[in-house]
2 protein chains.
Amino acid sequence: MANAIRFLAIDAVQQANSGHPGMPMGMADVATVLFRDFITIDPAAPEWPDRDRFVLSNGHGSMLLYALHHLVGYPDMTVEQLRSFRQLGSRTAGHPEYGHALGIETTTGPLGQGLATAVGMALAERMLNARFGDDLVNHHTYVFCGDGCLMEGISQEAIDLAGHLRLSKLIVLFDDNGISIDGSTDLSTSTDQARRFEASGWNTDRVDGHDQAAIHAAIMRARFSDRPTMIACRTTIGYGSPKLAGSEKSHGAPLGSEEIAATRAQLGWNSEPFSVPQAVLDEWKVVAERGAEARRQWEARHAQSPKREEFDSRLAGALGEGFSALMADFRRQLASDGPKLATRKSSEVALGVINDFTDLTVGGSADLTHSVFTLTKGMGDVQAGAYDGRYIRYGIREHAMGAVMNGLSLHGGFIPYGGTFLVFSDYMRSSIRLSALMGVRAVYVLTHDSIGLGEDGPTHQPIEHLTMLRATPNLLVFRPADAVETAEAWEIALTANRPSVLSLSRQNLPTLRSGDAEENRSRRGGYILRDAPGRRDVTLLAAGSEVEIAVQAAGILQEQGVAAAVVSVPSHELFLEQDAAYRADVLGKGPRIAIEAGGGMSWDRLLGAEGRFIGMTSFGASGPAAQLYAHFGITTEKVVTAAHEMLETGRRLAEPEVLS
Amino acid sequence: MANAIRFLAIDAVQQANSGHPGMPMGMADVATVLFRDFITIDPAAPEWPDRDRFVLSNGHGSMLLYALHHLVGYPDMTVEQLRSFRQLGSRTAGHPEYGHALGIETTTGPLGQGLATAVGMALAERMLNARFGDDLVNHHTYVFCGDGCLMEGISQEAIDLAGHLRLSKLIVLFDDNGISIDGSTDLSTSTDQARRFEASGWNTDRVDGHDQAAIHAAIMRARFSDRPTMIACRTTIGYGSPKLAGSEKSHGAPLGSEEIAATRAQLGWNSEPFSVPQAVLDEWKVVAERGAEARRQWEARHAQSPKREEFDSRLAGALGEGFSALMADFRRQLASDGPKLATRKSSEVALGVINDFTDLTVGGSADLTHSVFTLTKGMGDVQAGAYDGRYIRYGIREHAMGAVMNGLSLHGGFIPYGGTFLVFSDYMRSSIRLSALMGVRAVYVLTHDSIGLGEDGPTHQPIEHLTMLRATPNLLVFRPADAVETAEAWEIALTANRPSVLSLSRQNLPTLRSGDAEENRSRRGGYILRDAPGRRDVTLLAAGSEVEIAVQAAGILQEQGVAAAVVSVPSHELFLEQDAAYRADVLGKGPRIAIEAGGGMSWDRLLGAEGRFIGMTSFGASGPAAQLYAHFGITTEKVVTAAHEMLETGRRLAEPEVLS
């Protein structure tokens, strides 16, 4: 059975002339034991909620997963797909891609992400179990990972969190082959991994990764532990290859036809490429049979469960019909009250309403709860043995927070949101990117979103971060200007089929949408907040805390006889998705000035050739916020002056103002 | 002496009405022992090369550092500076900023960065020691860090590397106060930190952080260890405050005048705010006296050393006069040979020349040596006990690699470069940002820089990364088009006073600068590579691997009677720094098309309102590179068609083409 995995992987990599055979060859025995004896999945019902989750964190070994899926009978994982490994349009991408084939639980490839995402899945399982009991939710999360996953820093964040939360149904099988791309791991690490996991409260074990009986016993022991378990499986990379076994040369390149023949001889595998003897295929049938039986039993329990409807509704993830009406009422209330609040605080108010309405949401923060305002009344902490809570103490671990949110979302049953400062999006870039690549519903609450945070200084003041996030495909970035737009952003984010970032101010902002709450205007991404009286001479574009500056400048300009429209652009992405006529109408024909207390790159496409940007062209500085705005020239006066310059001198630049 | 630190911190935070008093109050005893009894620095000669390095990794406790610098007599750290804590223009920024005041060894604030940077400093010390001996280089690196630093994943990467390299002169003093911002660390972690450090080969110790004799003994023991040492100092955050000691409430806000008075009473401190009794000031003089004496002794040894000139030259960091001539010769050779090479390979060839010329350079890679081509002939590995090497095996730890490069550069004596894939700039964003914020000379060699990497698929294909890097202030981003531009980029990067990224192709590229090597044209950032014959109808802008497409398209257009100029833009930053006349001349007056196999946001400012971008508007896919270029429409044909559309239809968009 293990050799079937090995040769499907070998043959596919050879056919593609690209890929990583060493890991599937090395981990084939462990994979065989895990799938044959333990994993409960039903390839005929890949989305069955109580299935075990399997995550291949070392995703470069993707052929291991595809071979397994072929052998256990996922209907879409045909031999043609294996033959098309790494080809454009195939389901068998170079790394496992969520949504490309049935049964792929998450996208992996950036090392360590799979492990941390699996922590989120294992946590979701315990949290659902606390709500619905063993009858409906009681499964394991298994992870394969390699040295690379464990050397990446995100692994420590994930391990620490999983150990703290005692996620006992999480079982990690470490491909302890002592080899990384450059050669022996002795080149770069001396860490005793088992000891490290133990320091974070894990159960650990060691096993010969080619001794199937020993592997079976170790996994069995792990299932009885009250802690998460890491089993270090001592394996030989490229196992079976006479020349390349144990060498980094088997890691990331085809073995070559000669060595493949020698490997076939050494392992006694006589089948043609991509062909598996019927007797072996029959052996593999046990997985689907066990899974189907377990699923039928679960369905019987589910049919009897008094919580059936609640369970189904939760897993469907819909907020319910009343949500839109609730948010409309809330918007009107805000527009009527007109609070002067920091948008981080407006976000807390919105979350209060939302979290009362639905318990799908699960909050958390990377140890900045009282700064990012992500905790609302009545949300208990999620802790070991208290999985019925709704608030996750992620610790100072932004990278794992992002990945765990991905895992919670992918598992199903929750809509995760998590908060930190916008500048620390740097620490979780790769997790945010995977959210976007997979299109998961997760909300990043990123506050202190400009020099407006003041005294903490340039290390804490985001400059390029909004650009970085707006440049990321399939990510919604909201920078609301007031309490109304903040509520609108939350409404859109919670119903989107992609991740969202909410970029929120530390400083107080007035309500600019007073009496203007009939529709969720943020849905169009950008809109005319204050129209110019009569003709329009100039258009002021802004987002977030700088919309107030634009409004003030427009008022002064009006007194001076210049008609300025103010366009609020809470989401560049949604605005760019509007039709050309709408965009042209909003942007106007006259000169444009954009104002944002960050770098200007993302505004260029809205400004056109004549446009001016008023914002940051360097890192920030430490000082009170108002002084910083003045120091960096992000003021009403600068906007007014710029408008006069552009109009009175008829200045037309051949290109956008060059940043110095 | 410790109370002097405490009250300077308390008073400054109160005066600023902003800041973090809890940490300085808690770590004052540890700081006192470390500085009074051990640290060898000379405030009168802050740059003395063999000084001990001190890094405050938990940089929010900056007042601890400023108070210490005031007490030991750094001439610029006056009481006026303490009174101006966190004010615009002061040396006393919210977090310690490198270059803002004497003796600040590195910028800290983003947690964990200081610890990892200190690993680079400690490594630089050992590497210089291996070259110059104990007489010239023999000092310690001390680090203060908190729970936050140790919860961040980068800490594991740094700890693992330091333990592996046995950096025995690195001593970390962990502020083990059991408190983070949200409250008790029990909320989010159960890790036994000492055990974790031990798993990575560290010596560890535990001590009462308010028992000065015990602290002294522990540091003394650490200095005799053959391993790096972590001393967990059990402290009370906000020590001395009757109401707030031991509480997270003392972490990040002023104590308030009432509680300050109570703290003064409890600790028996009767001095006015910002005032320290002369007797205490006299005690603190021991630090400067010990340092001055040590420096004088070192200067005597230095004066006698046969390696004196070599040492001074190395610490000055200059490449020497021959460097420019060497690179000019090399450029001419390349332009004459006209190799067809991937730019990652051209980079290896350039490094071969550079590393032969100077041994200031120290290479390395995050376990992708044979993919990023950062190792040249004769560079021995840096390993424990083999510190005379020049190549660092960073392991699969991009984040620490960036921080360690910062540390190597800040320490002095080396020019570090390190390689990984461009997409993994995500994993080291915060370190790259700190390189830029500090203006250190470090070179990030980031290869596989587009969908041109092919089969590895979307997780490995950068899309938004060039935008993210180009949006970062003070960072030079080079995307060279051929071997000549690659050599030019290296020449500029190695002589720059800021960090550089080299974005390099996996796939082969022809030499486009054949016979055009008299000057380093990349210095201007963008230049006309192929002028249009006679009039210019259209301008094709491109960088890196897509310049070849632009050149081919220009050739086809010429046959069709359209005069197209090709502008290569290896560095947007340097181009934008040119004067307006040069830029206007290069960009031309006609329509412009930009081509890059990545997201287009950074090109908008070069395109103007009429411009078109041909590149990526989504994530990539897994498949052979040529098929991906065709699939995503980044082809010569698309460029030709776009040029005809823009010219023949006179199409003038009101705004840049909207990305879908």
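# A walk through the predicted model

Let's begin with the cysteines: across all chains, this predicted model has zero disulfides. Take Cys233(A), which is in no disulfide; its nearest cysteine sulfur belongs to Cys145(A) and lies 9.2 Å away. A disulfide would need the two sulfur atoms within 2.5 Å. Cys233(A) is also buried, with a relative accessible area of 0%. Over in chain B, Cys149(B) is likewise in no disulfide, and here the nearest cysteine sulfur, that of Cys145(B), sits 5.2 Å away. Cys149(B) counts as buried too, at 0% relative accessibility.

Staying with chain B, have a look at helix H3, which covers residues 62–72. Here 11 of the 11 residues are buried, so the helix is largely enclosed by the rest of the structure. The run of buried residues in H3(B) includes Ser62(B), Met63(B) and Leu64(B), and also Tyr66(B), His69(B), His70(B) and Val72(B). What does the covering? Helix H1 (2–16), helix H2 (22–38) and helix H4 (79–83) of chain B are among the elements that cover those residues, along with strand S1 (53–56), strand S2 (141–145) and helix H11 (278–304) of that chain. Just after H3(B) comes Gly73(B), which takes a positive phi of about 95 degrees.

Now for the charged side chains. Side chains of opposite charge can pair when their charged atoms come close. Over all chains, the count of salt bridges comes to 80. One of them is in chain A, where the side chains of Arg296(A) and Glu293(A) meet with N and O 3.3 Å apart. Both residues belong to helix H11 (residues 278–304) of chain A, and because they are three residues apart, about one helical turn separates them. An α-helix has 3.6 residues a turn, so residues three or four places apart point the same way. Are these two partners buried or exposed? Neither, quite: Arg296(A) is partly exposed at 46% relative accessibility, and Glu293(A) is partly exposed at 36%.

Chain B offers salt bridges with a longer reach along the sequence. Arg479(B) and Asp449(B) meet in one, at 2.9 Å from N to O. This pair links distant parts of the chain, 30 residues apart: Arg479(B) is in the loop between strand S14 (476–478) and helix H19 (483–494), while Asp449(B) is in the loop between strand S13 (443–447) and helix H18 (465–470). Both Arg479(B) and Asp449(B) are buried. Another bridge joins Arg470(B) to Glu596(B), with the closest N and O atoms 2.8 Å apart. Here the partners are 126 residues apart, Arg470(B) in helix H18 and Glu596(B) in strand S20 (residues 592–596) of chain B. Arg470(B) and Glu596(B) are buried as well. Back in chain A, a network of salt bridges links Asp449(A), Arg470(A), Arg479(A), Glu546(A) and Glu596(A).

Last stop, a sheet in chain B. Seven strands form this open sheet with parallel pairing, and going across you pass S10, S11, S9, S12, S13, S15 and S14 in that order. Strand S10 (381–382) and S14 of chain B stand at the edges; each has a single partner strand, so one side of each is left without a neighbour in the sheet. Further in, strand S12 (residues 415–421) of chain B runs parallel to S13(B), and five bridges join the two. For a spot to find on screen, try Gly419(B), which stands opposite Val445(B) in S13(B).

Methods:
Residues numbered from 1 in each chain as written. Chains lettered and ligands numbered in written order. Predicted model: local features only at pLDDT ≥ 70, side-chain atom pairs only at ≥ 80, totals over all residues. Heavy atoms only, no water. Buried < 20%, exposed > 50% of the residue type's maximum accessible area, 1.4 Å probe, protein only. Helix = DSSP H or I, 4+ residues; strand = E, 2+ residues; numbered from the N terminus. Contact = heavy atoms within 4.5 Å. Salt bridge = Lys/Arg side-chain N within 4 Å of Asp/Glu carboxyl O. Pairing = 2+ DSSP bridges.
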